[in-house]
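Dear colleague,

I am passing on the structure below, and after it you will find an account of what came out of looking through it. Please keep the structure open beside the text while you read.

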Amino acid sequence: MVEQITMAFINGILLGGVLALLAFGLNLIFGVVKIIHMAYGQFVMLGFYLIYSFHATMGVPLPAAMALGVLSMAILGIFTQLLLIRPLLKAPRLNQLLALASLIIVVENVAMMIWGADYRGIPLALPIIQVGEVFIRSSYLMAFVGAIVVLGLLYVFLNRTYLGLAIRAVAQDLEMAQGMGINPATVYYVTLAAGGALTGIVAAFFVPIYTVHPHFGSSFTIMAFVIVVLGGMGNLLGGFISAFIIGVATSITAVVYSTEVADILALVVFVLVMLIRPQGLLGVRA
Amino acid sequence: MLAVDSVDVFYGEFRALEQVTIRVERQQTVIVVGPNGAGKSTLLRGICGLLKAREGTVHFRDQRIDTLPAHTVAELGIALVPEGGRVFPYLSVEDNLKIGSYIKRARKHAQESFNTIYELFPILAQRRRQMAGSLSGGERQMLAIARSLMSKPDLILLDEPSLGLAPLVVDLVFEFIKKMKEEGYAILLVEQNANKALQVADYAYLLESGKLVFEGNREQFDRNPYIKTAYLGL
């Protein structure tokens with residue numbers, strides 16, 4: 001049992017890294033554009049299918065298929081901004097939420113039309129690493145390392161470049177950012193492109209771990225949303241920390257009880273945060 | 001350099017500015033004084049494109065700017081120092097300054113601008129890694145002024161720089177405004193503190209309830225009996 005829980009803890013940390021990356025995109029979009037991208041997990045699903053099609057159907061080598069998947073999702077992010085979010089920027093919150101939520105139905109049904117309801121996956125035989133009594137799947141480890149590297153790059157981008165600074169400035173004070181000569185439209189497109197690319201990257205990390213089906217995304221939308229709320233909406237550091245909390249908590253619960261209970265746990269955490277500390281762990285009360 | 005002609009600005013149905021006409025010439029410091037709610041901030045926001053004029057025009061160096069978005073106006077060389085030292089609270093002091101040099105014309109001079117600014121404001125150099133939100137009111141005002149200088153502006157719009165500051169800090173802020181004036185920047189300063197503002201003014205306007213009610217140079221303001229009693233407390 002001790003080994004099992006140790007393993008679950010390690011898996012939770014590894015999964016937490018990928019969840020942190022997933023939540024980062026959702027958080028960034030919320031922080032900058034002030035919109036909740038309800039179909040974020042569904043975009044991961046779409047990215048997964050695209051990688052699958054590029055590789056399994058069109059015969060593109062897997063690394064190139066993954067790169068193409070990331071690129072496609074970035075472009076899709078730009079189109080989401082152009083066709084859906086931009087026209088609704090000044091609309092009431094509820095309208096924005098409903099429009100993005102309806103995107104879930106659109107994306108899931110498009111996936112159903114194109115790829116059908118069957119589970120699709122790319123079989124990869126990746127080794128399992130043994131450390132003493134503990135077994136670690138190398139697919140998890142690669143996903144974790146990859147996610148941390150991408151998060152590091154994002155950190156450098158947001159802190160060291162003019163464009164990154166502009167994104168943070170718009171997130172904090174749109175009007176003043178405009179006064180500094182920052183064109184918000186550019187920042188919004190870059191943010192949605194980055195958010196889209198992140199769904200593609202997360203999908204690429206999921207390829208060796210999961211198989212995909214049209215409803216694959218919904219649990220990740222919820223997971224990402226729970227993490228973002230737990231950390232404090234728009235707070236990138238808070239999201240990073242809570243991704244690991246959620247990752248470990250669900251992973252250990254899945255071992256001790258079952259994966260179903262683990263899924264419930266995430267939502268229970270969400271409800272508790274809403275009741276006790278609605279601004280999140282590191283959030284500032286508005 | 002800056003020509004505001006018969007500008008009307010509305011908030012919904014409320015007319016915040018009515019037929020306002022002002023001029024700022026090269027190297028000139030122009031002030032607009034008036035009570036709280038007279039439309040002073042509205043005027044500055046109208047000039048820098050954050051609010052749109054319903055009537056009238058704004059020209060900057062003979063180019064019409066009231067039709068342009070705020071970020072384009074900033075690129076032309078107009079910098080706003082917003083009310084209350086409104087800086088980006090979760091960016092470091094250094095990043096706040098860096099974002100000041102966002103526009104193309106300022107970026108290539110960013111390094112030398114940093115050196116100049118840190119020399120001029122040693123306190124900002126000391127606090128460069130600190131979050132701007134943790135600064136005192138006076139320091140935040142300094143940072144907002146310094147940030148505007150980072151953009152290498154031709155015209156600086158200052159919105160109530162003395163608001164909410166202790167008298168000693170107000171003196172310090174006006175020392176910097178004097179320095180900027182000596183450096184040759186064109187300045188448009190709106191202030192409730194008419195006494196202080198008049199000391200740096202080449203030309204002044206009095207704004208009340210959205211309308212300009214008096215204009216003139218410092219002597220003319222000092223001699224006007226109404227302004228003397230209502231604004232200068234003499």
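**The two sheets of chain B**

In chain B, B:Leu2 stands opposite B:Val24, a residue of strand 2. Before going further, please bear in mind that this is a predicted model.

The pair just named belongs to strand 1 (residues 2-11) and strand 2 (residues 14-24) of chain B, which pair in the antiparallel sense over seven bridges. These two strands of chain B form a hairpin with two residues between them, and in the turn B:Gly12 has a positive phi of about 60°. Strand 1 of chain B also pairs with strand 4 (residues 55-60) of chain B, again in the antiparallel sense, over five bridges. On that side, the bridge partner of B:Leu2 in strand 4 of chain B is B:Phe60, while B:Ala3 stands opposite B:His59 of strand 4.

Taken as a whole, this part of chain B is an open sheet of four strands in the order 2-1-4-5, with antiparallel pairing. Strand 2 and strand 5 (63-64) of chain B stand at the edges and have a single partner strand each, so one side of each is left without a neighbour in the sheet. Helix 1 (residues 40-47) of chain B lies across strand 1, strand 2 and strand 4 of chain B, and runs at about 65° to strand 2.

It may help to recall here that the strands of a sheet pair through backbone hydrogen bonds, either parallel or antiparallel.

Chain B has another open sheet, in which six strands follow the order 6-7-8-3-9-10 and the pairing is mixed. Which strands stand at the edges of this sheet in chain B? They are strand 6 (78-81) and strand 10 (211-216) of chain B, each with a single partner strand, so that one side of each is left without a neighbour in the sheet. From one strand to the next, the twist averages 15°.

Beginning at one of these edges, strand 6 of chain B pairs with strand 7 (residues 155-159) of chain B in the parallel sense over four bridges, and here B:Ala79 stands opposite B:Ile156 of strand 7. Helix 7 (residues 137-150) of chain B packs on the sheet and touches both strand 6 and strand 7 of chain B, its direction making about 175° with that of strand 6.

Strand 3 (residues 29-33) of chain B pairs in the parallel sense with strand 8 (residues 186-191) of chain B over five bridges, with B:Val32 opposite B:Val190. Strand 3 of chain B also pairs with strand 9 (residues 203-208) of chain B, likewise in the parallel sense, over four bridges, and there B:Ile31 stands opposite B:Ala204.

Is strand 3 of chain B mostly covered or mostly uncovered? It is mostly covered, since five of its five residues are buried. In a regular strand the side chains alternate between the two faces of the sheet. In strand 3 of chain B, B:Thr29, B:Ile31 and B:Val33 point one way and B:Val30 and B:Val32 the other way, and all are buried.

**The nonpolar core**

The largest nonpolar core has 164 residues, and the members that touch the most others are A:Phe48 and B:Leu157. The element that gives the most to this core is helix 1 (residues 2-33) of chain A, with 16 residues. Leaving aside its neighbours within four places in sequence, B:Leu157 is in contact with several residues of chain B, among them B:Leu44, B:Ile78, B:Ala79 and B:Leu188.

**Chain A and its contact with chain B**

Chain A has 11 helices and two strands, and along its principal axes its C-alpha trace spans about 60 × 50 × 35 Å. With 286 residues, a compact globule would have a radius of gyration near 19 Å, and the 19 Å of chain A agrees with this. Of the 286 residues of chain A, 47% count as buried. Among contacts in chain A between residues at least 6 apart in sequence, 77% join residues at least 24 apart.

Where the chains meet, 15 residues of chain A are in contact with 19 residues of chain B. On the side of chain A that touches chain B, the elements giving two or more residues are helix 6 (162-172) and helix 7 (174-179) of chain A, and the largest share, six residues, comes from helix 6 of chain A. By class, this side of chain A has seven nonpolar, five polar and three charged residues.

With best wishes

Technical notes: Residues numbered from 1 in each chain as written. Chains lettered and ligands numbered in written order. Predicted model: local features only at pLDDT ≥ 70, side-chain atom pairs only at ≥ 80, totals over all residues. Contact = placed C-beta atoms within 7 Å. Nonpolar A, V, L, I, M, F, W, Y, C, P; charged D, E, K, R; others polar. Pairing = 2+ DSSP bridges. Axes fitted to C-alpha atoms, helices over the stretch in contact; angles between N-to-C directions. Rg over C-alpha atoms; globule rule 2.2 N^0.38 Å. Buried ≥ 20, exposed ≤ 12 C-beta atoms within 10 Å, placed from the backbone. Core = buried A, V, L, I, M, F, W, Y, C linked by C-beta atoms within 7 Å.
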